[in-house]
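Please work through the exercises below with the sequence and the structure at hand. Each task is followed by a worked solution.

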Amino acid sequence: MTQSELQNILAEAVDRSNILIRHFDGTVEYWTNGCQRLYGWSADEALGRNSHDLLKTKFPVPVAKIEAELLANGSWQGDLTHQHKDGRWLLISTDWALLPGEKGSAPRVISTHTDITSRLAMERELDAGNQRLRQMAEELERSNEELEEFARIASHDLSAPITTARWLTDLLATRHAQQLDQDGMTCLRQISSSLERMADLIDAVLAHALAGKGAIAAQHETDAGDALSAAMENLRLDIATSGTVIESAPLPKLLIRPQALTQLFQNLLSNAIKYRRPAVPPKVEISAVDEINQSTIEVRDNGVGIEKEWFERIFLPLQRRHGARVKGSGIGLATCKKIVTRAGGEIWVESELGVGSAFYFSLPRAPTSG
Ligand code: ADP
């Protein structure tokens, strides 16, 4: 490329850009095609006019302050509002550069303009969208809290009459057994076991209502190994009587409250014990896979297994694949899901009938661990 070719190309490039050259006082001396496209005024219309008058410039601070900064630093950058020839207002990001005047004459200013009107509109829309989302999240949080409070009060109030009824049936069975025939005793035993089941259900509903509370713990690191040990301690009797062998690989630190993680492990372990295969020594293996920001924990058992069509349903409250044959409330896994979801993770199952099940849950990982 020859020197003159280069100069032509550069002149073309400048002409396409939104650049104007003006005297320090504002008189336009040079007005590109780019400026015509941006503001609607042609070079003939703009030359010799005061650019601030022509474009009805609105300054963010007094213009004298901007000019003082320009003189002191040789340049100024900022956002200005300009009016297009057709009356539209545009938000313009400007860059002013001072060109010292020759032989004592007044300096000139090279002014470069970028239209940020649509970017600003998009930012405003995004801000409004974020604001709406924040409001919705707050409302959801509030209604969740109300629901939890309702469940807490309801289960508390339901417990009292059940406790009385259980106490009275016990009294009947011990003090008045002689007055009851075989049939009466059978009825009493059934009432007693129904009441026991109802009390268990209420406990489970209460645990479920309170489960999510405070599960989220952005600053709270919990050693998953410690939470597992606490869950095993709580289930010591069940583990011993069933002869369950539990093996765990080293586990990471997770961003969840310790009580919530313990309850999660406890529900999964107690299911693994409950849904064991007859005549197969129960075994549970726990391991973890670390990803960048989260870890996935696997709790694998060698129990009865679950059919594929139940993989999602079992995480819903009161969904029991085993019905009344095995003791339970049908709430344990729903509680697990609530805990994990509230802490920002996911839970799912993979299983083969007659072979065993693997429950997986992912949770945000503490930055320092693993
Ligand atoms: P519950 O055990 O009280 O019935 P859960 O919510 O803990 O309630 O479990 C829901 C259902 O999922 C259970 O009824 C059972 O059929 C099935 N299930 C849960 N864990 C296992 C498991 N480890 N092996 C086989 N089935 C399971």
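**Exercises with solutions**

**Exercise 1.** Determine whether A279 counts as buried or exposed, and describe its backbone.

*Solution.* In this predicted model, A279 has a relative accessibility of 87%. The limit for an exposed residue is over 50%, so A279 counts as exposed. A279 belongs to the loop between α10 and β9 (283-290). Its phi is positive, about 70°, although A279 is not a glycine. As a rule, most residues other than glycine have a negative phi.

K56 may be treated in the same manner. K56 also is not a glycine, yet has a positive phi, of about 50°. The loop between α4 and α5 holds K56. With a relative accessible area of 46%, K56 is partly exposed.

**Exercise 2.** Check whether the end-to-end distance of helix α10 agrees or disagrees with the span expected from its 17 residues.

*Solution.* Helix α10 covers residues 258-274. The expected span is 1.5 Å times one less than the number of residues, so the 17 residues of α10 should span 24 Å. The C-alpha atoms at the two ends of α10 are 24 Å apart, and the two values therefore agree.

**Exercise 3.** Establish the surroundings of N267.

*Solution.* Begin with its location: N267 is part of helix α10. Next, consider accessibility. The relative accessible area of N267 is 17%, and buried means under 20%, so N267 is buried. Other buried residues of α10 include L264, L268 and N271. Finally, list the contacts: leaving aside neighbours within four places in sequence, N267 is in contact with G332, T335 and C336.

**Exercise 4.** State which strands pair with β5, and in which sense.

*Solution.* Strand β1 (residues 19-23) is joined to strand β5 (residues 108-115) by 5 bridges, and these two strands run antiparallel. Within this pairing, L20 stands opposite S111 in β5. Strand β4 (residues 89-99) also pairs with β5 in the antiparallel sense, over 8 bridges. Here I92 stands opposite D115 in β5.

**Exercise 5.** Classify the aromatic pairs F59 with W96 and W348 with Y360.

*Solution.* The whole structure contains 6 aromatic pairs. For F59 and W96, the ring centres are 6.4 Å apart and the planes meet at 80°. Planes over 60 degrees apart count as edge-to-face, so this pair is edge-to-face. F59 lies in the loop between α4 (51-54) and α5 (63-73) and W96 in strand β4, so that the pair links distant parts of the chain, 37 residues apart. F59 is partly exposed, at a relative accessible area of 24%, whereas W96 is buried, at 2%.

The pair of W348 and Y360 is stacked, with 5.5 Å from centre to centre and 15° between the planes. W348 lies in strand β11 (residues 346-352) and Y360 in strand β12 (residues 356-364), so the pair ties together parts that are 12 residues apart in sequence. W348 is partly exposed, with a relative accessible area of 32%, and Y360 is buried, with 12%.

A further step concerns clusters: ring pairs link F59, W76 and W96 into one.

**Exercise 6.** Identify which charged residues lie over the faces of W41 and W89.

*Solution.* R49 lies over the face of W41, at 5.9 Å from the ring centre. K58 lies over the face of W89, at 4.0 Å from the ring centre.

**Exercise 7.** Give the domain division of the chain.

*Solution.* The chain is divided into domain 1 (3-115), domain 2 (118-210) and domain 3 (217-370). The C-alpha centres of domain 1 and domain 3 are 67 Å apart.

Key:
Residues are numbered from 1 along each chain as its sequence is written. This is a predicted model: local features need pLDDT of at least 70, side-chain atom pairs count only at pLDDT 80 or more; totals for chains, interfaces and linings use all residues. Side-chain values use heavy atoms; hydrogens and water are left out. Helices (H or I, at least four residues) and strands (E, at least two) are DSSP runs, numbered from the N terminus. Buried means under 20% relative accessible area, exposed over 50%, partly exposed in between (1.4 Å probe, protein chains only). Contact means heavy atoms within 4.5 Å. Two strands pair if DSSP finds at least two bridges between them. Rings of Phe, Tyr and Trp (its six-membered ring) pair if their centres lie within 6.5 Å; planes under 30 degrees apart count as stacked, over 60 as edge-to-face and the rest as tilted. A charge sits over a ring if NZ of Lys or CZ of Arg is within 6 Å of the ring centre and within 35 degrees of the ring normal. Domain bounds come from an automatic or database domain assignment.
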